[in-house]
Amino acid sequence: MEFLPKLVFICLLLPLVSPSPEPIASVASNTSNKDNINKLSHKLLFEITIHGFLLWASMGFLMPVGILAIRMSNREECGRRLKILFHVHAFAQVFAVLLSTAGAVMSFKNFNNAFNNNHQRIGVALYGIIWLQALIGFLRPHRGSKGRSVWFFMHWILGTTVSFLGVLNIYTGLQAYHQKTSRGIKLWVTLFTAEVCFIGFFYLFQDKWVYIQKQGVILGTESVRPSIDHLAPPKEKQKESIAMVSC
């Protein structure tokens with residue numbers, strides 16, 4: 001009779017001690033999931049790269065080119081060059097909107113849009129402002145009309161906002177790419193920073209280029225401001241005038 005309780009106790013302990021086949025199955029399923037993640041990561045990495053290239057071509061290249069073109073046209077007097085610069089501005093902005101739309105569609109279709117990071121939030125706001133800017137551009141009133149000043153201010157402020165947010169979102173996109181893929185982005189950040197600096201320098205330089213050229217030229221219709229050279233004669237001339245007065 002004492003053997004029976006021991007036998008029951010051993011039978012109860014056997015399921016706890018005996019190896020279970022479930023860990024093997026879970027290990028196999030985890031390995032399978034890792035393989036699937038690795039297979040998807042190559043496709044996802046390619047889609048992220050295409051998305052980044054489209055948005056860089058839109059916000060980091062075509063938009064600045066269009067802005068520089070219309071900025072250069074402000075001081076252009078030749079009608080043919082003025083027309084060319086205006087068309088460069090228009091086509092660059094239109095293609096920038098189309099590329100940004102393609103990048104946005106790719107993002108909504110293929111990526112996890114939880115909107116829990118700055119890149120996605122800025123991207124949504126930027127996409128809306130881009131299309132609003134394009135709509136305002138197509139509704140441009142004729143020069144001299146009453147609403148022209150208001151339209152110009154809105155077009156300018158939206159263009160400035162798009163340029164700033166576009167550059168900022170490229171930086172946040174590179175940071176998101178690094179967090180998602182663990183790949184280095186130092187080279188791309190350096191190259192894009194160099195591009196932004198060059199565009200900024202060219203923007204400021206072309207605005208002052210005509211003024212710099214005029215520094216060495218006195219135009220007939222331009223009033224000459226008195227300078228120190230005009231106000232104070234050289235010392236040698238002062239001495240000669242004093243000697244003539246004394247004689």
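Phe201 is exposed, with 55% of relative accessible area, where exposed denotes over 50%, buried under 20% and partly exposed the range in between (1.4 Å probe, protein chains only). The model is a predicted one, in which local features require a pLDDT of at least 70 and side-chain atom pairs are counted only at pLDDT 80 or more, whereas totals for chains, interfaces and linings use all residues. Residues are numbered from 1 along each chain as its sequence is written, and side-chain values rest on heavy atoms, with hydrogens and water left out.

Six aromatic pairs are present in the structure; rings of Phe, Tyr and Trp (its six-membered ring) are taken to pair if their centres lie within 6.5 Å, and the pair is stacked if the planes are under 30 degrees apart, edge-to-face if they are over 60 degrees apart and tilted otherwise. One of these is the stacked pair of Trp56 and Phe61, with 6.0 Å from centre to centre and 25° between the planes. Both partners are partly exposed, Trp56 at a relative accessible area of 32% and Phe61 at a relative accessibility of 42%. Phe201 and Phe205 also form a stacked pair, because their ring centres are 5.7 Å apart and their planes stand at 15°. These two residues are four residues apart in helix 6 (residues 186-214), and are therefore separated by about one helical turn; helices here are DSSP runs of H or I with at least four residues, numbered from the N terminus. Phe205 counts as partly exposed at 34% relative accessibility, while its partner Phe201 is exposed. Trp56 and Phe61 further belong, together with Phe53, to one aromatic cluster.

Two packed helices are described by the angle between their axes and the distance between the axes. Helix 3 (residues 79-110) packs against helix 4 (residues 118-138) at about 150°, the axes being 10 Å apart; axes are lines fitted to C-alpha atoms, for helices over the stretch in contact, and the angles run from 0 to 180 degrees between N-to-C directions. Helix 3 and helix 4 are therefore roughly antiparallel, a term applied to angles over 145 degrees, as against roughly parallel under 35, roughly perpendicular from 65 to 115 and oblique for the rest. The crossing of helix 3 with helix 4 is left-handed, which is to say that the near helix is turned anticlockwise from the far one by less than a right angle, a clockwise turn being right-handed. On the helix 3 side the contact involves Val94, Val97, Ser100, Thr101 and Ala104, which meet Tyr127, Ile130, Trp131, Ala134 and Phe138 of helix 4, contact being defined by heavy atoms within 4.5 Å. The residues of this contact comprise eight nonpolar, two polar and no charged, where Ala, Val, Leu, Ile, Met, Phe, Trp, Tyr, Cys and Pro are nonpolar, Asp, Glu, Lys and Arg are charged, and the others, Gly among them, are polar.

Helix 4 also packs with helix 5 (residues 148-181), their axes coming within 9 Å and crossing at roughly 150°, so that helix 4 is roughly antiparallel to helix 5. This crossing of helix 4 and helix 5 is left-handed, and the residues of the contact divide into 12 nonpolar, 12 polar and no charged. Gln133, in helix 4, is buried at 10% relative accessibility and, its neighbours within four places in sequence left aside, is in contact with Met154, His155, Leu158 and Gly159.

Ser107, found in helix 3, is buried, with a relative accessible area of 14%. Leaving aside neighbours within four places in sequence, Ser107 is in contact with His51 and Asn113.
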